[in-house]
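User: Could you take a close look at a single helix for me and check whether its length adds up? After that, carry on into whatever surrounds it and the partner chain.

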Amino acid sequence: MSEPAVIAEQLVKTYGEVKALDGLDLVVPEGTVLGLLGPNGAGKTTAVRAFTTLLKPDSGKAIVGGIDVVKHPEKVREIIGLTGQYAAVDEYLTGRENINMVGRLYHLDSKWVKGRADELLERFRLADAADRPAKTYSGGMRRRLDLAASLVAQPKILFLDEPTTGLDPRSRIELWEVIENLVKDGTTVLLTTQYLEEADQLAEEIVVIDRGRVIAKGTSETLKDSVGGDRVEVVVREASMLEPAAAAIAPLGNSEPVTHDVDRRVTVAVSGGSTILVDVVRSLDSAGVVLDDLALRRPTLDDVFLTLTGRPAEDDEIEAAKPKKKRGRANKEAT
Amino acid sequence: MSASVATPARASGDEPVRSSRPLLGWHVHDGVVVAKRNLIQTIRVPELLFFSLVQPVIFVLMFAYVFGGAIPIGSGSPDAYREYLIPGIFGQTVAFAAAASTVGIAEDMHKGIVDRFRSLPMKASAVLFGRTIADAARMILVLAVLSITGLVVGWRIHNGAIDATKAYLLLLLFAYTVAWIGAWVGLYMPNPETANTAGLLWLFPVTFISNAFVPLGSMPAGLQAVAAWNPLSAMVLACRELFGNNLGQTDGLADKYWSLQHPMAYTLISCAVLLAVFIPLAVRKYRTSTSH
């Protein structure tokens, strides 16, 4: 009926030698949620910054709400809302003052903004803290305030750049609910994330990007199917057991087992649900492998990435810095 | 807005009501909104405000009592030096408004808040106007505290309220002007920590190579010329004349330097020129760092 809310055509942005965007193409139909999925440095934030007029692409086209971002940035700013990776709130201002300020800078009527601020504070469960400086807020409250501020002008198109990164699981689920309600109200959302579960939860369509270009797209189901179903993951007692373990479970999997030296982990794609675990334990046992942990889980971004690009989603440095090594538990919380 | 954007159904809230165009235009409107935010910050960090008031007071006391006897002015008595000193301290203090702007802008630029501002349909200049307006406005309070301190140590206003008001307005204009230079410097700072140090550096020669603390007659010829053409010297001299603290401190140099002969006119011209240069420079720098 109407043209898409967001269009990118061959977007290119280079920083020195690095191509942050390398011919990015995507389309977000009006009233839908698109999840832009990729590891750190894939170009997600650069893409969002290009759509929200924060940077000029070197070449290519970005159209938001039917308006060319490069030609009429000021018109684009009137119809979008942005919540970035770092909560863009003024910590000395109260929650209410933050929303009021943003509303005034959207050039909205001051009386209307006051009413809108009350409504948003109520809706995002910040009413009790409304008159406290944002400095005193928890991480989750700051994100909610940030999101509330970006909604003050009722933007038709909302950009969320890793909205839940750094949040604890409870705050993350709360924020998901808020976003789901916005979508019900008809807002178009482009959301970036590093978490497949998050895209899974919120987005109808997922676009996976790497090194500034699209490497896969589809619904979360099609993406998961494309990587060969569930994963069995075993953690062995001794690093020397990695190879025997991989060899033992290889016949049971749909893919070559992948070994990770750092945390003595072997992963393989399987089908057949939980019954496969019995076979895995049996063959590992007969190979004399001692286990620390064993789990069956849904594919993650890492798996999608490994399958699509042949390398893990995140380099070891980042991987090691992330405190989510206890895979079994982390996954249960997230899904 | 483009006609091609259909309005989606929305469950909550009325359609946003746009504000009508304000009398003074959006530049002023947006600048004032941001200035208000900066002033609220000042109130919310009372410790910072307190120490920014204490510092010039300490300067008054040190110069009045430590250097006072050593710098001969007028009759040569320490009392005369105190009369001479206070407008100088006023000048130095408003000049240091620039350092606050440098730090403030550097902080804004390195926090998430600047992305928020840049994605809003506000005027890009508002971040800079808001900063400079707030920093100059804060000087009203600082000058009030300093004036009281001055009165306590023996400084007096001799020429009545109208001239005194002119002097204070001149000081605020000067504060606003240097705040723009400070804001421009702040845009080049790699981080707020550097801004804290670098923002002050250029202010030391500007305030000390002047007549703020010592008479120009005591300086070697080359330095004297620099000091005489320093807009701060002209402004301080104009204030001394307006407050009636004129104690023959030009040492007959007024004939030699036009800036000292017409201190008020020279100050106004300097501020106009500096604003005409630094407002566009700063706004352009802000814009280009916006879209790299």
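Analyst: A quick bit of bookkeeping: the expected span of a helix is 1.5 Å times one less than its number of residues. Keep in mind too that this is a predicted model.

Let's take helix H3 of chain B, residues 78–95. It has 18 residues, so at 1.5 Å a residue it should span 26 Å, and its end C-alpha atoms sit 25 Å apart, which agrees. That doesn't make H3(B) ruler-straight: there is a kink of about 30° at Leu85(B), shortly before the proline Pro87(B). As for its surroundings, H3(B) is mostly covered, with 16 of its 18 residues buried. A bit of background on helices: an α-helix has 3.6 residues a turn, so residues three or four places apart point the same way.

Now for the chain around that helix. Chain B has 13 helices and zero strands, so read along the sequence its pattern is simply α, repeated from one end to the other. Its C-alpha trace spans about 80 × 35 × 35 Å along the principal axes. Of the 292 residues in chain B, 45% count as buried. If you take the contacts with a separation of 6 or more, 83% of them in chain B come from residues 24 or more positions apart.

What does that look like at one residue? Try Ala136(B), which sits in helix H6 of chain B, residues 126–153. Ala136(B) counts as buried because it has 24 C-beta neighbours inside 10 Å, and the cut-off for buried is 20 or more. Leaving aside neighbours within four places in sequence, Ala136(B) is in contact with Ala97(B), Leu172(B), Ala175(B), Tyr176(B) and Ala179(B). Val178(B) is 42 residues away from Ala136(B) along the chain, yet their C-alpha atoms are separated by 9.2 Å.

On to the partner. The contact between the chains takes 47 residues from chain A and 34 residues from chain B. On the chain A side, helix H2 (73–79), strand S6 (80–83), helix H3 (95–105) and helix H4 (110–123) each supply at least two residues. Sorted by class, that side of chain A has 19 nonpolar, 12 polar and 16 charged residues.

Chain A does have strands, and S3(A), residues 33–37, is a good one to look at: five of its five residues are buried. Both faces of S3(A) are covered, with Val33(A), Gly35(A) and Leu37(A) buried on one side and Leu34(A) and Leu36(A) buried on the other. S3(A) runs parallel to strand S8 (188–193) of chain A, joined by five bridges, and there Leu36(A) has Thr192(A) as its bridge partner. S3(A) also runs parallel to strand S9 (205–210) of chain A, this time with four bridges, and Gly35(A) stands opposite Ile206(A).

Further along chain A there's an open sheet of four strands in the order S12-S13-S11-S14, with antiparallel pairing. Its edges are S12 (258–260) and S14 (291–297), each of which pairs on one side only. From one strand to the next, the twist averages 15°. Inside that order, S11(A), residues 231–236, and S13(A), residues 265–269, run antiparallel and are joined by five bridges, with Val232(A) opposite Val268(A). Helix H9 of chain A (242–249) lies across S11, S12 and S13, running at about 15° to S13(A).

Last, two backbone oddities in chain A that I'd look at in the viewer. Gln10(A) has a positive phi, near 50°, in a residue other than glycine. Gln10(A) sits in strand S1 (6–15) of chain A, and with 14 C-beta neighbours inside 10 Å it counts as partly exposed. Glu162(A) also isn't a glycine, and its phi is positive at about 45°. Glu162(A) lies in the loop between strand S7 (157–161) and helix H6 (169–184) of chain A, and it is buried, with 22 other C-beta atoms within 10 Å.

Note on methods: Residues numbered from 1 in each chain as written. Chains lettered and ligands numbered in written order. Predicted model: local features only at pLDDT ≥ 70, side-chain atom pairs only at ≥ 80, totals over all residues. Contact = placed C-beta atoms within 7 Å. Nonpolar A, V, L, I, M, F, W, Y, C, P; charged D, E, K, R; others polar. Pairing = 2+ DSSP bridges. Axes fitted to C-alpha atoms, helices over the stretch in contact; angles between N-to-C directions. Buried ≥ 20, exposed ≤ 12 C-beta atoms within 10 Å, placed from the backbone. Bend = angle between axes of the 7 residues up to and from the residue.
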